[in-house]
Protein chains: 2
Amino acid sequence: MEPTIKDVAKRARVSISTVSRVLSGNGRVTEETRQRVLRAVESLNYQPNLLAQSLKKRRSHTLGLVVQNIANPFFPDIVRGVEEKAQEYGYDVFLCDNRKDFQRGLAHLDVLQKRGVDGIIYSSMGRLIEPILAFKIMQLSEAGIPVVLLWRQPPGINIPMVYNDEKGGAYKATTHLISLGHRRIAFIGGFQDSLVTKERFEGYCLALEKNGLSFDQSLVTYSDFEVNGGREAARHLLTRDLPPTAIFTANDLMAIGVLMAAKQLNKKVPEDLAVVGFDGIPFTEYTDPPLTTVCVPRYEMGLIAVEKLLEQMGEKEDSSSDSIMLESHLVIRGSCGAVEGKVISGALS
Amino acid sequence: MEPTIKDVAKRARVSISTVSRVLSGNGRVTEETRQRVLRAVESLNYQPNLLAQSLKKRRSHTLGLVVQNIANPFFPDIVRGVEEKAQEYGYDVFLCDNRKDFQRGLAHLDVLQKRGVDGIIYSSMGRLIEPILAFKIMQLSEAGIPVVLLWRQPPGINIPMVYNDEKGGAYKATTHLISLGHRRIAFIGGFQDSLVTKERFEGYCLALEKNGLSFDQSLVTYSDFEVNGGREAARHLLTRDLPPTAIFTANDLMAIGVLMAAKQLNKKVPEDLAVVGFDGIPFTEYTDPPLTTVCVPRYEMGLIAVEKLLEQMGEKEDSSSDSIMLESHLVIRGSCGAVEGKVISGALS
DNA sequence: CTGAAAGCGCTTACAG
DNA sequence: CTGAAAGCGCTTACAG
């Protein structure tokens, strides 16, 4: 049986009000009784019950974090950032894994509300924000529970969001390839209806345009954001007449597939083919050759998402507007033939 | 302002006791009043406050999950397993990331206790279990909070544990290499004082012995469980006189380093060198060549850890003894030259 | 079948 | 400075 505030009070021979006061630091208490209480706490190994505290104070000091799929290498760094910043401010976090199932995400939101979390970070990195999700989030806001979205797209709805500069990143990647002399640069997108794909495609087009290269529709293809899909797409591109000399893919997993396809077709990377990925997932460092990629600052996104939440909860003063766009950096490794270890972070300008 | 049970009672014109009864399903209620209550719940969009419920019932239906480092690819699958099974039984989980810091793990345990979790899964995969951790866990048990350890070593203490058959896995890996004709098989361990290293080494020795191969101390070396460490270790082994024709490493990250070293030294894998890793982290599928590895069933470990916890909490009937050892499978891919796709799961016998 | 009351472990005005 | 009381939102005997 865990000791309660009553036990401490009895032992220190004071009222529970007094115990509460010394523990919270609110209200005056004689140094002597303070010591008595502290000794009692110590000897009983008393730990206040946060459930009771939360109920009374109407603040649980907990956060909810909903992720689309914890098994996807995109997410662990986000979790890490959220965890770390949350703890810094004394919050603990409920992790909810949608397991790729959007419906489950909705259910998680309900649960978190019932659990009395003080705020929620919803990280899907998905395609469009479904109206029902937006509605649910509005409902939560009305109930006093702020939500911050960790998304891959600019805000189209009125919910604070931390997102990534997809277009700018794609622009950097493509420009890099052009600067290395490539003229036939292919683009492998993910799902064609995904906003991520769309924006990364736009960055690709912009780079071509700014550099006076003509756009060639036959060099553009779409896949599924997975390794095998990327491999198939690359195989098609590389076996056609006049194959591309470089491929920019809309995510790293597909880029890994491209590397595999090149190997199977006896194309050397980077000599015969340059490859750039997108996301900067941990493993890209160890592919053969190491993959040049546009690194999405996932860890930082996690940190910032918590800060935005704290601002809304009034725990931290407002330092900025509602949504934040983060820059992604081009990390240059061996897959393009450029000098390794260089990081290009200049803005799209 | 969220509606409370009072609001529902008022609206349905019954007492809060009645509302509680229809919601919990305990106690008889007329069908008519039941409907009235349900309608009130509906129209107010009432969600019971789980904080209050937990306080009263002395059960929070929450679990704590402590992991050593969420950024390590070893952990996400564990989290996934824990999450999934927990939700199946209606539990939500607090995720605590130690960020490699053991002290933080201890602090997390305190926090979880204060939060009133019904049980805790502590997953470190670390070296020895420090006495202070064992002590803390005992303390929690006495306070009525069961703990299950997700560990890489057999139980040396009296705490329920889910662990992996390290020795058996290493035995399978080494036997596989021997069966392919290798005679000079090197072993690269992790930290020399880690139990994981020790047990995997034992499995390696056992396989040599059973197959009548003599043990060669000069083929055994230790590193740090990291990619670069593995690469360095391999470089030494491969540049000596009479280099090994196969290397078995104590984890996948080091095996990836071995692959890199071989490439740098112009050794072909698997023709000039066979490589086997351990853990089965997701990325091993995409190395060049794909890595043969002993796959630790991390996802299953997560599932089972929750089940063990549930048993202790009396939510699930006891189905087994206190600790559980899981088998690891040898997943055969391209790095040894054997037929790909084969899985050897036969026990050490 | 239904309601009033007590109580889970806290915090916080309100008196003294 | 300190204590008694009310109350956070629930559940659960106890009466009726």
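The area buried between chain B and chain A is about 4700 Å², of which carbon and sulfur atoms give 60%; buried area here is the accessible area (1.4 Å probe) that two parts lose on being put together, summed over both. In chain B, the residues that lose the most area to chain A are Leu51(B), Lys114(B) and Arg115(B), which together account for 16% of what that side buries. The structure is a predicted model, in which local features need pLDDT of at least 70 and side-chain atom pairs count only at pLDDT 80 or more, whereas totals for chains, interfaces and linings use all residues. Residues are numbered from 1 along each chain as its sequence is written, chains are lettered from A and ligands numbered from 1 in the order in which they are written, and side-chain values use heavy atoms, with hydrogens and water left out.

The contact (heavy atoms within 4.5 Å) takes 52 residues from chain B and 52 residues from chain A. Between the two chains there are four salt bridges, a salt bridge being a side-chain nitrogen of Lys or Arg within 4 Å of a carboxyl oxygen of Asp or Glu. Asp92(A) forms a salt bridge with Arg115(B), and the closest N and O atoms of this pair are 2.8 Å apart. Across the interface, 22 residue pairs are in polar contact, with both residues at pLDDT 80 or more; a polar contact is a pair of N or O atoms within 3.5 Å, and within protein one must be able to donate a hydrogen and the other to accept it, while residues adjacent in sequence count only if both atoms are side-chain atoms. On the side of chain B that touches chain A, two or more residues each come from α4, α5 (76–88), β2 (92–97), α6 (102–114), α7 (131–142) and α11 (252–264) of chain B, where helices (H or I, at least four residues) and strands (E, at least two) are DSSP runs numbered from the N terminus. The most is given by α5(B), with seven residues. By class, this side of chain B has 22 nonpolar, 14 polar and 16 charged residues, with Ala, Val, Leu, Ile, Met, Phe, Trp, Tyr, Cys and Pro counted as nonpolar, Asp, Glu, Lys and Arg as charged, and the others, Gly among them, as polar.

Around DNA strand C there are 28 residues, of which Ser20(A), Arg21(B), Arg28(B), Thr30(B) and Arg58(B) come nearest; a residue is near a strand if one of its heavy atoms lies within 4 Å of it. Sugar and phosphate make up 64% of the atoms of DNA strand C that come within 4 Å of the protein. Phosphate oxygens of this strand lie 3.1 Å from a polar backbone atom of Asn49(A), 3.0 Å from a side-chain N or O atom of Gln53(A) and 3.0 Å from a side-chain N or O atom of Thr33(B). The surface near DNA strand C comprises eight nonpolar, 12 polar and eight charged residues.

Around DNA strand D there are likewise 28 residues, with Arg21(A), Arg28(A), Thr30(A), Arg58(A) and Ser20(B) coming nearest, and sugar and phosphate account for 65% of the strand atoms within 4 Å of the protein. A side-chain N or O atom of Thr30(A) is 2.7 Å from a sugar or linking oxygen of DNA strand D, whereas polar side-chain atoms of Ser20(B) and Tyr46(B) lie 2.5 Å and 2.8 Å, respectively, from a phosphate oxygen of the strand.
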